[in-house]
Every structure is written in structure tokens, then in C-alpha cells.
Amino acid sequence: MLEPGSVVPVHLLTPVTSLTPGTPAESIAGGAGGAVPVPDPDRLVHLQFRRFAGCPVCHLHLRSVVRRHAEIEAAGIREVVLFHSSAEELRPHTADFPFAVIADPKQRLYREFGVESSPRSLLDPRAWGPVLWAIARSAVEVARGRERLPAPRQPGGRLGLPADLLIGPDGRVLAAKYGEHVYDQWSVDELLRLATAARNSVGAPGTPA
């Protein structure tokens, strides 16, 4: 796990929606057209680690991010969201997301950033309410043809824990949260508060003037 003050090396990540047919499933790339830099030299990066393509709980949370994306961007934050599914699996589920979605099917970045899987992701009682609500919501959206069911087999497993990192332009981790269950992540309000606090902190590393 990375602690605040840790320095993240530069990564160039290719969003799944920018890939052309025939591109390998892994979208962790260097220097390709449309690559997203992490850290971003011009703004804060909110790096999210989610689970698999079509995960109902992930989409329940990410829809709140979609609704408030303009507000997040206005705060000088770039959203970058990782899944441990292939690009091919992700495209149908994330085509309308207004932020970068990155496929990491081999979970290389998950290991690098210390993001774990655990049975407690679903067994923690705090997760049960959000899980039931997410499944009900997803069932309605699938019935309306607005979403698709996830693949029945998930090579990366179904027990992933979420993680959030706020990274400054100089690569320093300004804040980090490693979830204790499947729906344990920053809300949009928490993200905006953390970004404001980082900017207002005297001498805070990695924040623009």
C-alpha cells in the first residue's frame, strides 16, 4: 500500500476507448497516442482501482462520478479508473464514461500499488446493503437494455477491494484510501474536500500554485 508522501513513477496508460481493433487486450502502454499520464503534470489525478467489467457495485459508485464529472474536472482533478478486465470486456460496459478507463487484466498496477483481494470484500456486513442495491439497480438497467451483465467467468476473481489515490503533478500521493469492503471508497464530496485541502495546505507537495 502507498502512503501519503509516496512518489508514484510516471506511467502512460491507454484508455480502452482509444484502442483500435487488433490492439492487445492489455492497455498499459507507453507513448501511444491518447495515452493518459499518471501523474499528470498539469492537474491532480484521482486514480481509482475497481473490480471487473460490469461489476454492479463498481457501476453504482461510478455513476455518481459520471453525474458530477464536470464538477470534478472544474476542481482540477483528472479521473483515471482501472479494472482488472480486458479492454474487450470493458468497452461495452464503459463506452459512455467521460473519463479514462484502463484495462489491467494481469493486475500489474494492482500489485504495484498494493491493491488487494479478500473474501471480506463481500463478507463485511457494511457491504451487504450496497451490494443488494447495486444488484437491483443493475437488473433494472439490464432489463431496459442500458447495461449488460458481467461475464460469468472472471479470471481476476470477484473478491477485489477498491482503492483511491489522489496524486499530485509531481507524483506525490496526497491522500490514499484502501477499501475494507467492496463499497468502501471516497464519495465525490470526499474527493473534492481532499483536493481542496491539498491545494490549501501550506507547502503541500505536488499541488499547483
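**Exercise 1. Say which residues form the aromatic cluster, then describe the pair of Phe49 and Phe113.**

Solution. Phe49, Tyr110 and Phe113 form one aromatic cluster. The model is a predicted one.

- Step 1. Count the pairs. The whole structure contains 3 aromatic pairs.
- Step 2. Take the two numbers that matter. A pair of aromatic rings is described by the distance of the centres and the angle of the planes.
- Step 3. Apply them. The ring centres of Phe49 and Phe113 are 5.5 Å apart, and the planes stand at 45 degrees. Planes under 30 degrees apart count as stacked and those over 60 as edge-to-face, so the rest, such as 45 degrees, are tilted.
- Step 4. Place the partners. Phe49 belongs to strand β3, while Phe113 is in the loop between α4 and α5 (120-123). The pair therefore ties together parts that are 64 residues apart in sequence.
- Step 5. Check the burial. Phe49 has 0% relative accessibility and is buried. Phe113 is buried too, at 3%.

**Exercise 2. Classify the pair of Phe97 and Phe99.**

Solution.

- Step 1. Read the geometry. The centres of the two rings, Phe97 and Phe99, are 5.2 Å apart, with the planes at 40 degrees.
- Step 2. Classify. The angle makes this pair tilted.
- Step 3. Check the surroundings. Phe97 has a relative accessible area of 7% and is buried. Phe99 is buried as well, at 8%.

**Exercise 3. Find what sits over the ring of Phe52.**

Solution. Arg158 places its charged end over the ring of Phe52. The distance to the ring centre is 5.0 Å.

**Exercise 4. Compare the burial of the partners in three salt bridges.**

Solution. The cut-off is needed here: buried means under 20% relative accessible area, and partly exposed runs from there to 50%.

- Step 1. Get the total. There are 9 salt bridges in the structure.
- Step 2. Take Glu71 and Arg68. Their side chains meet in a salt bridge, 2.9 Å from N to O. Glu71 is partly exposed at 38%. Arg68 is partly exposed at 25%.
- Step 3. Take Arg126 and Asp124. The closest N and O atoms of this salt bridge are 2.7 Å apart. Asp124 has a relative accessible area of 13%, so Asp124 is buried.
- Step 4. Take Lys177 and Asp184. This salt bridge spans 3.1 Å, N to O. Lys177 is partly exposed at 23%, whereas Asp184 is buried at 14%.
- Step 5. Look for a network. Asp40, Arg43 and Arg78 are joined into one by salt bridges that share partners.

**Exercise 5. Locate two unusual backbone spots, Pro39 and Gln107.**

Solution.

- Step 1. Look at Pro39. A cis peptide bond links Val38 to Pro39, with omega about 0 degrees. Pro39 sits in the loop between β2 (36-38) and β3 (44-49).
- Step 2. Look at Gln107. Its phi is positive, about 60 degrees, although Gln107 is not a glycine. Gln107 lies in the loop between β5 (100-103) and α4 (108-112). With 18% relative accessible area, Gln107 is buried.

**Exercise 6. Describe the chain as a whole, then one residue, Thr94.**

Solution.

- Step 1. Count the elements. The chain has 7 helices and 7 strands. Their order is β-β-β-α-α-β-α-β-α-α-α-β-β-α.
- Step 2. Gauge the burial. Of the 209 residues, 51% are buried.
- Step 3. Gauge the contacts. Among contacts with a separation of 6 or more, 70% join residues 24 or more positions apart.
- Step 4. Zoom in. Thr94 is part of helix α3 (residues 87-94). Thr94 is buried at 1%. Beyond neighbours within four places in sequence, Thr94 contacts Val16, Phe83 and Val101.

Terms used
Residues are numbered from 1 along each chain as its sequence is written. This is a predicted model: local features need pLDDT of at least 70, side-chain atom pairs count only at pLDDT 80 or more; totals for chains, interfaces and linings use all residues. Side-chain values use heavy atoms; hydrogens and water are left out. A salt bridge is a side-chain nitrogen of Lys or Arg within 4 Å of a carboxyl oxygen of Asp or Glu. Buried means under 20% relative accessible area, exposed over 50%, partly exposed in between (1.4 Å probe, protein chains only). Helices (H or I, at least four residues) and strands (E, at least two) are DSSP runs, numbered from the N terminus. Contact means heavy atoms within 4.5 Å. Rings of Phe, Tyr and Trp (its six-membered ring) pair if their centres lie within 6.5 Å; planes under 30 degrees apart count as stacked, over 60 as edge-to-face and the rest as tilted. A charge sits over a ring if NZ of Lys or CZ of Arg is within 6 Å of the ring centre and within 35 degrees of the ring normal.
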